[in-house]
Protein chains: 2
Amino acid sequence: MAAVTLPGGEFSNLALLKIDQALDQVHFDLRCHRPAAAGKKAVNRCLSDCAAMACVPMAILISVALPQTADTAMMQELFDGCQAAAAAFNCPIVGGDTAIWDQRLAVTVAALGVTAHVPIRRSGAKVGDALCVTGKLGGSILGRHLDFIPRIDLAQRLAAAMNIHAMMDLSDGLAMDLPRMMTASGTGACVNTAWLPIHPDALQLHQRDGKPALHHALCDGEDYELLFAVDSDDARQLANVDPEIPVTIIGRVTAAPDECVLTDDHGQAQAWPKGGWEYTGGGT
Amino acid sequence: MAAVTLPGGEFSNLALLKIDQALDQVHFDLRCHRPAAAGKKAVNRCLSDCAAMACVPMAILISVALPQTADTAMMQELFDGCQAAAAAFNCPIVGGDTAIWDQRLAVTVAALGVTAHVPIRRSGAKVGDALCVTGKLGGSILGRHLDFIPRIDLAQRLAAAMNIHAMMDLSDGLAMDLPRMMTASGTGACVNTAWLPIHPDALQLHQRDGKPALHHALCDGEDYELLFAVDSDDARQLANVDPEIPVTIIGRVTAAPDECVLTDDHGQAQAWPKGGWEYTGGGT
């Protein structure tokens, strides 16, 4: 058991905890991805949850169920991938567990975080809030799902600059994740499709499969960007928070419980898309 | 991400962390064990590590990779088993992660603990210390490996009653675990085979396979009892610590680094047994 010294401060008696797993042929695929990429994704998925609470990750633990085919080089590469991802946020790997079985690789990561402010949850959105996302959405399957940077630094800058009412990371796609935030908050949402920041990867996927890039931005999942709700006055400061990562207002919080609607610049309403990304053991 | 409020006190800025996994057909076997037993063992393995540090478990997180055959009843039973094990120590399950894949069940448990004393490690044994174990050893495969009680309460009573120099839980068998403690402490050990508390299950296994019960007590593993080193004066108080669970002096810490030896009441030395339990994906 590892001992981690927590910093002092107003919220020093709060430990924030998260566990997340990454499974071979679900979240990554060792038939085409390097072990280092698998390790990196496993750690970054968990750190993305730390970002969603705008907390500072203090330590992570990693449990690995290795296939019997794993050799020393594979294990080292897997560890190096985990290590590099954690080191990018000065977060030590303080413990772990390793076992070997005749099944595929499973990597489970638990994180301990601390916060300098009231913990930000997904349940605090208020009617009239601006809904915002970091970065651009859609098409992560083209590679970004393995190679994203958890928005830990940006989340802390956002939390320092404004009073964030609710926040979560987008792992299953805006179409699934936004209703979760609204349900937790007892509110609804109206999202303007014209405002959605669509990733070039979503456009590229559209050219391949003919589905609208907007559909990819809403439903693909694994963006690992942040979705948050802030007072609309606070939202005016968004442009100043980060010079490189765009933060975009995509809509507003409404009083209609659980009701999420899409609209466009002409006020034309569209049905909320079904689906989003679900991990069901299919390919990555 | 879950927020856990830590208690105050001298060591309130220390978070103790552990992660442990339990895999189907490695640590349990769903072909003959109930899902509830699997969940219970997964949680108790992690709580046994909390006992090894004599800490109070404050919260656990559980990640589950479910086989595609899992139905609602199986998942509920698995959760109930986890829940019952955690509730026995008033330890809430504060978070988790669930995924489905076409492989066997993997349950990973992370625990956050706190301590009211200097954290007890396996590296603090001192030359001349008495070496002690709780309970009786060997033959856990007959059922105890699934149905043990982590020595959390006993560990706290021991730590309150005496200055424990080093402690660990016996998961891989005394033959493997004691040398680990001695290596970590830079010491050696002399264990008297006549003093070893041999479990009736070890005797029963001896009748089946002809191997000495002593061999089972040393090598079987999965006892989940505590091994600890205390000043030999402190060891005199052991009899008063718990009315039900025996605590036995099995030997003493020596100055010979890394050297573990077996002896008997006649001073006859025996070679330290090779082996102990290793999780390598074979049967349980």
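Here's a quick back-and-forth on the two chains of this predicted model.

Me: Before we start, what pLDDT do local features need here?
Reply: Residues count from 1 along each chain as its sequence is written, with chains lettered from A and ligands numbered from 1 in the order written. The model is predicted, totals for chains, interfaces and linings use all residues, side-chain atom pairs count only at pLDDT 80 or more, and local features need pLDDT of at least 70.

Me: What rotation superposes chain A on chain B?
Reply: In general, two copies of a chain are related by a rotation about an axis and a shift along it. The fit is least squares on C-alpha atoms of residues with pLDDT of at least 70 in both copies. Here the shift along the axis is 0.0 Å and the RMSD is 0.0 Å, with a rotation of 180 degrees. That is the relation of a two-fold axis.

Me: How many residues does each chain bring to the contact between chain A and chain B?
Reply: Two residues are in contact if their C-beta atoms, placed from the backbone, lie within 7 Å. 100% of the interface residues of chain A are also interface residues in chain B, so the copies meet through the same surface. The count is 46 residues from chain A and 46 residues from chain B.

Me: Which element gives the most to the side of chain A that touches chain B?
Reply: Helices (H or I, at least four residues) and strands (E, at least two) are DSSP runs, numbered from the N terminus. Elements giving two or more residues to that side include helix H1 (35-52), strand E3 (56-67) and strand E2 (14-23) of chain A. With nine residues, the top contributor is E2(A).

Me: And how many nonpolar residues does that side of chain A have?
Reply: Ala, Val, Leu, Ile, Met, Phe, Trp, Tyr, Cys and Pro count as nonpolar, Asp, Glu, Lys and Arg as charged, and the others, Gly among them, as polar. The side of chain A that touches chain B has six charged, 13 polar and 27 nonpolar residues.

Me: Which strand of chain B joins E2(A), and in what sense?
Reply: Strands pair if DSSP finds at least two bridges between them. A:Leu17 sits opposite B:Ala2, and A:Leu14 sits opposite B:Thr5. Four bridges join the two strands, which run antiparallel, and the partner is E1(B).

Me: What is the strand order of the open sheet of five strands?
Reply: The pairing is mixed. The edge strands, each pairing on one side only, are E4 of chain A and E1 of chain B. The twist averages 20 degrees from one strand to the next. The order is E4(A)-E3(A)-E5(A)-E2(A)-E1(B).

Me: What angle does helix H2 of chain A make with E3(A)?
Reply: Axes are lines fitted to C-alpha atoms, for helices over the stretch in contact, and angles run from 0 to 180 degrees between N-to-C directions. H2 (residues 72-87) packs on the sheet, touching E3 and E4 of chain A, and its direction relative to E3(A) is about 165 degrees.

Me: Within chain A, which element gives the largest share of the side of domain 1 that touches domain 2?
Reply: An automatic or database domain assignment sets the bounds, giving domain 1 (16-114) and domain 2 (130-263) in chain A. Their centres, taken over C-alpha atoms, are 25 Å apart. The contact takes 14 residues from domain 1 and 15 residues from domain 2. Nine residues of the domain 1 side come from H1(A).

Me: Over in chain B, which residues are on the covered face of strand E11?
Reply: In a regular strand the side chains alternate between the two faces of the sheet. E11 of chain B pairs with E8 (residues 188-192) in the parallel sense over four bridges, and B:Val191 has B:Leu262 as its bridge partner. The uncovered face of E11 holds B:Val261 and B:Thr263, while the covered one holds B:Cys260 and B:Leu262.

Me: Is B:Ala54 buried or exposed?
Reply: A residue is buried if 20 or more other C-beta atoms, placed from the backbone, lie within 10 Å of its own, exposed if 12 or fewer, and partly exposed in between. B:Ala54 is in the loop between H1 and E3 of chain B, and has a positive phi of about 50 degrees although it is not a glycine. With 26 other C-beta atoms within 10 Å, B:Ala54 is buried.
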